[in-house]
Amino acid sequence: MNNRYLKLQKVLSTELQSNDDIIAYSLESFAKEIDYLNQTELLTKLILDHSAIAKRLDRFNKELSHSREILAEAQAIALLGRWDIDSATGSMVWSESMYSILEIDKSTPATLELFLSFVYPEDLEQVTKMFRDMFVTRKPWTTRYRLLMKSGEIKWVHFRFYSKFNDKGDHTHYYGTIQDVTEMKKAEDELEKYSHHLEQLVEEKVREISSSQMATLYALIKLSESRDDDTGSHIERTASFCRLLARKARAVPEYADTVTDTFIETIYKASPLHDIGKVGIPDSILLKPGKLTEEEFAIMKTHVQIGYDTLEKVGQQYDKNEFILMGIDIALYHHEKWNGSGYNKGLKGEEIPLSARIMALADVYDALRSKRVYKDAFSHEKSIDIIESSRGTHFDPSLVDIFVKYHEEFRSLYESLSNQNGE
């Protein structure tokens with residue numbers, strides 16, 4: 001190219017004045033050659049660029065194909081199928097793994113009706129509603145349900161739903177996944193069954209420990225009361241009376257919020273602690289057959305404080321233990337009276353804890369029915385009369401009404417427990 005340029009320059013300089021035709025021809029030839037060379041160079045560059053782009057496109061296509069293969073393999077391994085719905089046309093597309101989950105040929109057209117035909121009959125209403133709702137929701141959500149295969153096999157699937165919107169806020173596309181979680185569900189069911197079994201074992205062991213502790217506690221309480229040969233089965237009967245009265249009180253609106261299942265069970269266990277403080281009362285007073293003097297009665301009354309002091313020390317270590325807390329209330333307040341004339345705090349009305357009010361009535365009923373060193377046993381009828389006469393003075397009026405209403409059940413319970421213990 002450079003040589004041709006020099007020759008052209010020479011021709012133009014030596015023959016410019018002698019031959020215009022030659023000059024014009026030379027210039028035209030040179031221009032054509034330059035144009036040809038430029039076109040050739042441009043074409044070569046375009047061919048090379050196209051080849052490079054084609055190679056890159058081929059590489060990208062291979063990578064995309066490989067990625068799709070990996071995705072399909074991952075979906076197959078995870079038993080995960082994908083579904084898409086075009087909101088404009090309503091057409092549905094399923095992934096190959098979706099067909100595998102449904103166990104149908106992938107050439108089968110994907111439709112919502114076909115999918116719903118696989119839903120387990122008992123779950124169909126739920127799933128149908130779910131599909132209706134998903135077309136108006138704007139939030140992703142997920143659920144589980146069952147599919148019924150043509151083979152009769154039941155599969156559990158985990159369904160996920162998402163939606164896309166345009167700039168106007170209109171739905172443009174619905175898509176999601178469905179995953180076969182049958183084996184996972186089986187494992188969860190087995191784990192739940194095992195956990196339930198474990199809970200039962202724990203509850204059983206707790207009951208055994210609790211029963212052992214209560215038996216030990218009752219033994220100690222009975223040991224403290226063994227100094228009085230006439231007490232007999234007092235602690236068992238009063239515990240049963242408290243439980244029965246609490247159960248009946250539960251039906252009364254004013255007690256409904258307080259008297260729960262826990263309250264009933266706790267008062268049954270805690271009521272035997274009511275006279276634990278009597279262990280500190282001298283035999284000369286505790287076993288005296290006649291009426292106590294004022295001084296002796298003052299000492300007798302200290303058993304509530306002794307019981308409280310004993311239990312309160314335990315309560316400091318177990319300040320959230322309902323059994324101990326109720327035992328403290330019962331021990332300290334079961335000799336308080338509704339009108340405030342009881343001991344030793346002089347509380348009245350609802351100032352007295354409900355557990356102590358229940359204990360007071362149960363304790364007096366059993367004391368009236370039982371033989372003591374200072375008295376003979378009263379009949380059930382006379383005991384009821386005495387309790388009714390103390391309505392609103394000694395006892396909570398509502399509790400007396402409940403007691404009187406169900407007095408035959410208390411009579412039956414007293415006789416049953418007394419006969420059981422040979423009294």
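Let's start with Ser 355 and ask which residues it touches. Leaving aside residues up to four places away in sequence, Ser 355 touches Phe 263, Ile 267, Met 326, Asp 329 and Ile 330. Please keep in mind that we are looking at a predicted model. Ser 355 sits in helix 14. Is Ser 355 buried or exposed? Its relative accessible area is 5%, and because buried means under 20%, Ser 355 counts as buried.

Helix 14 comes up again at our next stop, helix 16, which covers residues 397-405. The buried residues there are Pro 397, Ser 398, Leu 399, Val 400, Ile 402 and Phe 403. So what covers them? Helix 14 (354-369) is part of the cover, and so are helix 7 (234-249), helix 8 (253-256), helix 15 (380-389) and helix 17 (407-420). Have a look at the start of helix 16 too: a side-chain oxygen of Asp 396 comes within 3.0 Å of the backbone nitrogen of Ser 398.

Now over to the surface. Leu 191, Tyr 194, Leu 198, Leu 201, Val 202 and Val 206 make a nonpolar patch of about 570 Å². One of them, Leu 198, belongs to helix 6, residues 182-225. With a relative accessibility of 40%, Leu 198 is classed as partly exposed.

Finally, let's zoom out. The chain has 17 helices and five strands. Of its 423 residues, 35% are buried. Its accessible surface is about 25800 Å², and carbon and sulfur atoms account for 55% of that. As for contacts between residues at least 6 apart in sequence, 55% link residues at least 24 apart.

Conventions
Residues numbered from 1 in each chain as written. Predicted model: local features only at pLDDT ≥ 70, side-chain atom pairs only at ≥ 80, totals over all residues. Heavy atoms only, no water. Patch = residues over 30% accessible without salt bridge, like charges linked within 9 Å, V, L, I, M, F, W, Y side chains within 5 Å. Areas by Shrake-Rupley, 256 points an atom, 1.4 Å probe, with all protein chains shown as cover. Salt bridge = Lys/Arg side-chain N within 4 Å of Asp/Glu carboxyl O. Helix = DSSP H or I, 4+ residues; strand = E, 2+ residues; numbered from the N terminus. Buried < 20%, exposed > 50% of the residue type's maximum accessible area, 1.4 Å probe, protein only. Contact = heavy atoms within 4.5 Å. Polar contact = N/O pair within 3.5 Å; in protein donor to acceptor, adjacent residues only side chain to side chain.
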